[in-house]
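The questions below ask how certain words come to be used for a protein model. Each answer sets a value beside a definition and then draws the conclusion.

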Amino acid sequence: MGRLRGTGLGLLTACFLFVMAPGAEEQTAPAAGEEELEMPMVALTFDDGPRRSTTTQLLDGLAQRKVPATFFVVGSRVKGNEELLQRMAREGHQIGVHTYSHTQLTGLSSAQVACEIQQGRQALTQALGPGDYWLRPPFGLVNSCVKACADSPIILWSVDPEDWKDKNTARIVDHVVSNAKDGDIILLHDMYPSSVQAALEIVDRLGERGFCFVTVEQLMACQEIAPEAGVIFP
């Protein structure tokens with residue numbers, strides 16, 4: 001089980017909102033002085049966006065459920081979607097960089113790798129202001145050059161339903177719900193309507209099983225893992 005260490009409501013707020021399944025009884029904060037809560041925690045992550053239609057629908061559904069997520073954004077898709085990204089930040093989602101053009105970094109020179117990451121971060125900085133903007137490399141491919149140029153933790157995943165293959169919502173949901181366990185990072189893509197629908201069904205079904213949804217940064221904090229540049233998580 002994920003351990004949320006600390007006391008009282010401040011702890012629950014610090015290690016963040018957990019989903020309530022529709023119709024479930026409201027859960028109460030721990031009593032003052034209570035040292036530890038235990039619940040399974042997962043981080044929902046979304047790659048390749050933003051796309052105005054599908055990402056907006058996803059944000060609406062997550063807001064309704066009070067669930068934070070982590071979005072790894074392609075820098076070339078920032079222009080024209082600044083308000084969407086600002087909404088992500090305002091509603092408590094973590095935003096990271098997925099390079100500028102979604103290029104496989106392991107096939108590039110050091111200078112090209114650095115440029116892809118820096119341009120992606122620059123696009124986010126122009127839209128949102130300065131930030132950490134952790135890196136998720138396209139296709140999850142990493143080598144020593146990527147580690148050296150990352151300038152942030154490198155975030156991969158542990159549950160991948162390959163939602164891009166058949167865009168079958170039911171299959172995607174079943175894969176994630178059947179395989180999710182405490183501490184997992186779930187990979188989805190907010191470019192596809194099928195994935196958006198699947199994500200919200202996943203939240204509802206895992207919520208019924210008592211799962212807590214957090215951002216990647218929150219997951220690391222609750223596991224007492226310090227973020228380090230060039231270090232892969234999980």
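Q: Which residues of α4 are buried, and what does that word require?
A: In this predicted model, the buried residues of α4 are Val113, Ala114, Glu116, Ile117, Gly120, Arg121, Ala123, Leu124 and Ala127. Buried means under 20% relative accessible area, whereas exposed means over 50% and partly exposed lies in between, with a 1.4 Å probe and protein chains only. Helices such as α4 are DSSP runs (H or I, at least four residues), strands are runs of E of at least two, and both are numbered from the N terminus. The model is predicted, so local features need pLDDT of at least 70 and side-chain atom pairs count only at pLDDT 80 or more, while totals for chains, interfaces and linings use all residues. Residues are numbered from 1 along each chain as its sequence is written, and side-chain values use heavy atoms, with hydrogens and water left out.

Q: What covers the buried residues of α4?
A: The cover includes β4 (70-73), α3 (82-90), β5 (94-97) and α5 (144-149), where contact means heavy atoms within 4.5 Å.

Q: How do you know that the span of helix α4 agrees with what is expected?
A: The expected span of a helix is 1.5 Å times one less than its number of residues. For the 19 residues of α4 (residues 110-128) this gives 27 Å, and because the end C-alpha atoms are 27 Å apart, the two values agree. Just after α4, glycine 129 has a positive phi of about 95°.

Q: Why is the pair of cysteine 145 and cysteine 149 not called a disulfide?
A: A disulfide is a pair of cysteine sulfur atoms within 2.5 Å. The closest cysteine sulfur to that of cysteine 145 belongs to cysteine 149 and is 4.2 Å away, so the distance is too far for a bond. For cysteine 212 the closest cysteine sulfur, in cysteine 222, is 7.1 Å away, which is likewise too far for a bond. The structure holds 0 disulfides.

Q: Why is cysteine 212 called buried?
A: Its relative accessibility is 0%, so cysteine 212 counts as buried. Cysteine 145, at 14%, also counts as buried.

Q: Why is serine 76 called partly exposed?
A: Serine 76 has a relative accessible area of 37%, which lies between the two cut-offs, so the residue is partly exposed. Serine 76 is found in the loop between β4 and α3 and, leaving aside neighbours within four places in sequence, is in contact with Tyr100 and Ser101.

Q: How do you know that proline 161 is buried or exposed?
A: Proline 161 has a relative accessibility of 2%, so this residue counts as buried. Proline 161 is found in the loop between β6 (154-155) and α6 (163-166), and its contacts, apart from neighbours within four places in sequence, are Arg171, Ile172, His175, Val176, Leu187 and Leu188.

Q: What makes a set of residues a nonpolar core, and which members of the largest one touch the most others?
A: A nonpolar core is a set of buried Ala, Val, Leu, Ile, Met, Phe, Trp, Tyr and Cys residues joined through side-chain atoms within 4.5 Å. The largest has 48 residues, and Phe71 and Leu206 touch the most other members. Helix α8 (residues 193-208) gives the largest share of this core, 7 residues. Apart from it lies another core of 14 residues, among them Ala43, Phe72, Leu219 and Cys222.
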